[in-house]
Amino acid sequence: MTVTVRHASDNDRAVWDAYVGVHQDATFFHKYDWRAVVGKGAGHSSVYLIAENKGDIIGILPLTIRRSSMFGKAIISSMFAVYGGPLADTDEAYRLLDKEAEKIAVDAGIDVIEYRSKNLHRIREVGWQVAESKSATFIKEIVANPEERMLEIPRKQRAVLRKALSAGLSLRATRDIDVFYRLYAQSVHRLGTPVFPKILFKSMMEVFESDAEILIVSDRGGAPVASLLNFYGRDSVLPYYAGSTIENRSLGAHDFMYWHTMARAIERGKSRFDFGRSKIGSGPYKFKKNWGFQPMELAYEYRLLNGVTIPDRSQESGKYAFLSSVWKKLPLRFVNTVGPHIARHLG
């Protein structure tokens, strides 16, 4: 077998997505058009690699190149994604994709390569490190029957959901970014995190069309209280970005929203609910466990050059904890103006 690696272009979109469509470890974020989302929405360049044998694709690797004076340079697979990393059919293809990624990093003067791997089914080369015990993902089959689905939710959370379903809330699907973004910006401000640029979400909706949707939950009086941007993958729904007012906690708007997302996924023929990544021990981590989801620890892979260490931007300790506490206290109008310029490097 003679394996070669080359750079992909937009002309490869169809064959790239055909390969992603059948690979067992592929995710929504391996789709070729994620490249356009990152480029249009955050201004980052990408290099997409294809491994071939006699003209047949046997591996792919999407790479985003981040150049930030504040957060440093890195090559990431992929930015704004919770999953990524190479997909391949053979160990040789994996090895050559890694080698080309490292060459790109060296040529660009970049010391960090990060693969946001969901599953590690390959033999890692010497020099790669795995960051474990930091984050987990939550994926579960959706029970088609609503009554049986309700009974799968642990008793205490089931009571919260039943209360939300009787609280007079309503839900609508839309492609309007504005209400979603306003609620999302409020939520991340409360967390002490800069908000992503609005154009990033516009790009997601435009690029993925029917595979992306926005849901808005309103209270009894018609005021929006929660919002959600969903992606629909091969067999899954991914509730990816959520926002809300602080009042939503008493209404259970998020529970209401996720319950209806499950129903909408069933209607679309999807069988799995991918609750996404959360930091182990965090509030969202506990919330997902309360819904009856079991965590699956993520092991992100790093190739570190020139003696650097795995980047740590935790909001729980160090300088980022201090910056986060300050950010929460700044006026919302100010952080929504300044934040997107910072957050485009954080995805």
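These notebook entries record what I looked up in a predicted model.

**Entry 1: the two sides of α12**

I began with helix α12, which spans residues 332-343. I asked which of its residues are buried. I found Val335, Gly339, Pro340, Ile342 and Ala343. These residues cover an arc of only 155° around the axis, so they lie on the same side of α12. I then turned to the other side of the helix, where Arg333, Thr337 and His341 are exposed.

**Entry 2: α6 against α12**

I next looked up how helix α6, residues 177-190, packs with α12. Their axes are 11 Å apart, and the packing angle is about 95°. I therefore recorded α6 as roughly perpendicular to α12, since angles from 65 to 115 degrees count as such. I also noted which residues meet in this contact. From α6 there are Tyr181, Ala185, Gln186 and His189, and from α12 there are Leu332, Val335, Asn336 and Pro340. Sorted by class, the contact of α6 with α12 has five nonpolar residues, three polar residues and no charged residues. Val335 and Pro340, which take part in this contact, are also among the buried residues of α12.

**Entry 3: α5 against α9**

I repeated the search for helix α5, residues 155-165, and helix α9, residues 253-267. The two axes come within 8 Å and cross at roughly 90°. This makes α5 roughly perpendicular to α9. In the contact, Gln157, Val160, Leu161, Ala164 and Leu165 of α5 meet Asp255, Phe256, Trp259 and His260 of α9. I counted these residues by class as six nonpolar, two polar and one charged.

**Entry 4: arginine 162**

I then looked up a single residue of α5, arginine 162. Is arginine 162 buried or exposed? Its relative accessibility is 46%, so I entered it as partly exposed, the class between 20% and 50%. I also looked up its separation from glycine 221, which is 59 residues away along the chain. The C-alpha atoms of arginine 162 and glycine 221 are separated by 20 Å.

**Entry 5: an aromatic pair**

Finally, I searched the whole structure for aromatic pairs and obtained 33. I examined the pair formed by tyrosine 240 and tyrosine 241. Their ring centres are 4.8 Å apart and their planes stand at 80°, so I entered the pair as edge-to-face, the term for planes over 60 degrees apart. With a relative accessibility of 17%, tyrosine 240 counts as buried. Tyrosine 241, at 7%, also counts as buried.

Notes. Residues are numbered from 1 along each chain as its sequence is written. This is a predicted model: local features need pLDDT of at least 70, side-chain atom pairs count only at pLDDT 80 or more; totals for chains, interfaces and linings use all residues. Side-chain values use heavy atoms; hydrogens and water are left out. Buried means under 20% relative accessible area, exposed over 50%, partly exposed in between (1.4 Å probe, protein chains only). Helices (H or I, at least four residues) and strands (E, at least two) are DSSP runs, numbered from the N terminus. The arc is that of the directions from the helix axis to the C-beta atoms. Axes are lines fitted to C-alpha atoms, for helices over the stretch in contact, and angles run from 0 to 180 degrees between N-to-C directions. Angles under 35 degrees count as roughly parallel, over 145 as roughly antiparallel, 65 to 115 as roughly perpendicular and the rest as oblique. Contact means heavy atoms within 4.5 Å. Ala, Val, Leu, Ile, Met, Phe, Trp, Tyr, Cys and Pro count as nonpolar, Asp, Glu, Lys and Arg as charged, and the others, Gly among them, as polar. Rings of Phe, Tyr and Trp (its six-membered ring) pair if their centres lie within 6.5 Å; planes under 30 degrees apart count as stacked, over 60 as edge-to-face and the rest as tilted.
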